[in-house]
Structure formats: C-alpha cells, structure tokens
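Student: I should like to study this structure through a series of questions. May we begin with the sequence and the model in view?

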Amino acid sequence: MADVHSRAVRSKNMSRIRGQNTQPEMIVRRGLHAAGFRFRLHDRKLPGRPDIVLRRYNAVIFVHGCFWHGHDCALFRWPATRPDFWRDKIGGNRARDTRRTADLLNAGWRVATVWECALKGRGRLPGEEVTGKLATWLHSTSDRLDLRGTV
Ligand SMILES: [Zn+2]
C-alpha cells in the first residue's frame with residue numbers, strides 16, 4: 001500500500017496545512033466572484049502572499065483563521081497544554097500579520113482582513129453582508145477594513 005491518499009486529497013491536506021483554500025476563504029471568493037469581482041489568488045510576489053488580490057482596486061484581502069492568528073473573539077481560546085509553545089507560535093503569527101500589513105500599505109496597497117468569525121460560528125454575518133461590506137470597501141478609498149463576527 002504505497003499511497004493511500006489520492007493526489008486530490010493530498011493537495012487538499014497540504015492546502016489546509018498552509019492555510020490556503022480554507023472553507024472561509026472559499027466563501028469570500030465565491031461571494032466576490034458572484035458580485036462580479038475578478039481577482040488573483042495567493043500572489044507570492046506580495047508580502048504575506050495575500051489570499052485574494054484585486055489589482056484594479058489596489059486591494060488585497062486576507063482571510064484569517066481566528067485560532068492561528070490569535071483573534072480576540074469567541075472562536076479563539078488559548079490551548080490548555082504547552083502554553084509557551086502556543087504563545088510563541090500565535091504571538092509570532094500576529095507580529096508577522098502586523099509587519100506584512102505595514103509593508104503592503106507602504107507599497108500602496110489597501111488591505112482588508114476578513115476573520116473566520118465573520119463567516120462561521122454564532123457571531124457570523126449573513127454571506128451577502130460580508131460580500132456587501134467588501135464591495136463597499138473596494139469602491140472606497142479607505143486603506144483598511146477589518147471584518148469580524150459579532151461575538
Ligand atoms: Zn475571530
């Protein structure tokens with residue numbers, strides 16, 4: 001039994017490990033696409049390899065998992081075991097997010113963060129609302145958007 005995983009399953013697993021093409025990300029992509037927006041994915045030439053890049057709007061969108069990015073919301077809780085490890089890991093992710101956002105803003109990009117809690121869990125927003133807020137922001141001149149759930 002050389003390989004129990006098909007190529008598709010393996011690629012899906014790898015995506016999950018890299019945090020790409022996650023379910024929340026797919027919700028955002030589908031909503032934007034249905035609203036007529038066209039975009040590139042995971043542009044490795046940009047700081048932080050943003051999940052969604054809309055060049056026409058000078059805008060990038062990150063879809064952040066609340067656990068990995070240490071969001072102050074109901075979906076995040078510090079793990080009970082290995083506190084030092086998690087503090088380093090999640091603290092490092094947060095520091096990197098801040099740095100990458102600053103790099104992108106300095107390079108003239110506008111940066112939106114859509115948090116997982118805006119899309120799932122009891123504080124989630126209706127899908128049309130997420131897409132609507134993103135669309136409004138894309139058509140605005142605002143540099144930053146932080147879209148989160150209600151809890
Ligand atoms: Zn959150």
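Student: Which elements are included in what covers the buried residues of α4?

Tutor: Please note that the model is predicted. Helix α4 spans residues 127–138, and its buried residues are V130, T131, L134 and L138. They cover an arc of only 90 degrees around the axis, which puts them on the same side of α4. What covers them includes α2, β2, β3, β4 and β5.

Student: Which residues are exposed on the other side of α4?

Tutor: An α-helix has 3.6 residues a turn, so residues three or four places apart point the same way. The buried residues of α4 include V130 and L134. On the other side of this helix, the exposed residues are E128 and T136.

Student: In which order do the elements of the chain run from the N terminus?

Tutor: The chain has 4 helices and 5 strands. Two helices precede three strands, and after these a helix, a strand, a helix and a strand follow. Written out, the order is α-α-β-β-β-α-β-α-β.

Student: Which strands stand at the edges of the sheet?

Tutor: The 5 strands form an open sheet with mixed pairing, in the order β1-β2-β3-β4-β5. A strand at an edge has a single partner, so one of its sides is left without a neighbour in the sheet. The strands in this position are β1 (40–41) and β5 (144–147).

Student: What is the hand of the crossover from β4 through α4 to β5?

Tutor: Strands β4 (residues 110–115) and β5 pair in the parallel sense over 4 bridges. In this pairing V114 has L147 as its bridge partner, and V111 stands opposite R144. The chain passes from β4 through α4 to β5, and this β-α-β crossover is left-handed.

Student: What is the reach of α2 from its first C-alpha to its last?

Tutor: Helix α2 has 12 residues. At 1.5 Å a residue, the expected value is 16 Å. The reach in the model is close to this expectation, at 16 Å.

Student: Within what arc do the buried residues of α2 fall?

Tutor: The buried residues of α2 are P24, E25, I27, V28 and L32. Seen down the axis, they line one face of the helix, while the face turned away from them carries the exposed residues Q23, M26, R30, H33 and A34. What covers the buried residues includes β2, β3, β4 and α4. The arc within which the buried residues fall is 160 degrees.

Student: Which residue with a positive phi follows α2?

Tutor: The phi of this residue is near 100 degrees. The residue that follows α2 with this positive value is G36.

Student: Which element gives the most to the largest nonpolar core?

Tutor: In soluble globular proteins, nonpolar side chains tend to be buried together. The largest nonpolar core has 25 residues, of which V28, V60, I61 and V114 touch the most other members. Elements α2, β2, β3, β4 and α4 each supply at least two residues of this core. The element that gives the most, with 5 residues, is β3.

Student: Which residues does V60 touch, not counting those up to four places away in sequence?

Tutor: V60 is one of the core residues that touch the most other members. Not counting residues up to four places away in sequence, V60 touches L46, P50, I52, V53, L104, W109 and V111.

Student: What percentage of the residues in the chain is buried?

Tutor: The chain has 151 residues. Here a residue counts as buried if 20 or more other C-beta atoms lie within 10 Å of its own. The buried share of the chain is 26%.

Technical notes:
Residues are numbered from 1 along each chain as its sequence is written. This is a predicted model: local features need pLDDT of at least 70, side-chain atom pairs count only at pLDDT 80 or more; totals for chains, interfaces and linings use all residues. Two strands pair if DSSP finds at least two bridges between them. The expected span of a helix is 1.5 Å times one less than its number of residues. A residue is buried if 20 or more other C-beta atoms lie within 10 Å of its own, exposed if 12 or fewer, and partly exposed in between; C-beta atoms are placed from the backbone. The arc is that of the directions from the helix axis to the C-beta atoms. Two residues are in contact if their C-beta atoms, placed from the backbone, lie within 7 Å. A nonpolar core is a set of buried Ala, Val, Leu, Ile, Met, Phe, Trp, Tyr and Cys residues joined through C-beta atoms within 7 Å. A crossover is right-handed if, with the strands pointing away from the viewer, the path from the first strand over the helix to the second runs clockwise.
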